[in-house]
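Work through three short exercises on one protein chain. Keep the structure in view as you go.

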Amino acid sequence: MTIKTTLLASGFVLASFAAHAGSDTWETISNVGTNGLIATALLVPAVNEDWDGLYQAGFSIGAAAATSVVTKQLVHEERPDHSDNQSFPSNHASAAFAAATTLTIRNGWQWGIPAYGVATLSAVGRVEADRHYWKDVIAGAAIGTAAGWFFTHNITDTVAISPWFDKWGTSGIMVSMRW
């Protein structure tokens with residue numbers, strides 16, 4: 001069984017649990033989904049001896065997590081369950097979407113569809129477990145996706161999508177193709 005098949009099967013298993021889930025089950029689903037995506041994003045390039053991919057996945061996930069942690073310290077949004085003031089943004093969502101984005105860019109849409117499915121399920125799990133509001137997981141997903149796109153490059157290097165910034169405050173996205 002390939003890692004891609006395992007990832008897809010894991011998504012279906014998590015989805016079946018979600019159909020009958022209480023808040024504790026939803027929290028477990030979000031934890032397992034997020035940690036599974038992080039492990040997959042790091043293991044796939046390691047198994048394939050794709051060291052650039054491993055570094056890119058590590059930087060993407062690390063940057064997303066760091067951005068979320070720093071933002072939590074600055075915003076102090078109370079969680080829906082009133083457990084603390086660390087609600088905004090969702091670190092689970094940012095890490096899951098960074099991993100899914102890295103898997104997509106490095107390995108194609110065949111990896112991306114199940115990876116984004118698991119990331120979405122993990123984000124929904126955070127809301128259903130009463131740990132985050134929808135805005136928290138949407139912000140986390142945006143942070144993770146942006147980090148994934150910023151740090152990850154296509155393995156074939158025939159098409160590159162990169163953000164750019166200049167000294168006049170202009171920014172954009174640059175797409176280049178080699179043939």
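The exercises go from the whole chain to the core and then to one residue.

This is a predicted model, in which local features need pLDDT of at least 70, side-chain atom pairs count only at pLDDT 80 or more, and totals for chains, interfaces and linings use all residues. Residues are numbered from 1 along each chain as its sequence is written, and side-chain values use heavy atoms, with hydrogens and water left out.

**Exercise 1.** State how many helices and strands the chain has, and give their order.

Solution. Helices (H or I, at least four residues) and strands (E, at least two) are DSSP runs, numbered from the N terminus. The chain has 6 helices and 2 strands. From the N terminus, the order is α-α-α-α-α-α-β-β.

**Exercise 2.** Describe the largest nonpolar core.

Solution. A nonpolar core is a set of buried Ala, Val, Leu, Ile, Met, Phe, Trp, Tyr and Cys residues joined through side-chain atoms within 4.5 Å. This one has 24 residues; Leu 37, Ala 41, Ile 61, Leu 103 and Ala 119 touch the most other members. Two or more residues come from each of α2 (23-47), α3, α4 (91-107), α5 (109-128) and α6 (134-151). The largest share, 8 residues, is from α4.

**Exercise 3.** Is Val 69 buried, partly exposed or exposed?

Solution. First, place Val 69: helix α3 (residues 51-75). Next, recall the cut-offs: buried is under 20% relative accessible area, exposed over 50%, partly exposed in between (1.4 Å probe, protein chains only). Val 69 has 39% relative accessibility, so Val 69 counts as partly exposed.
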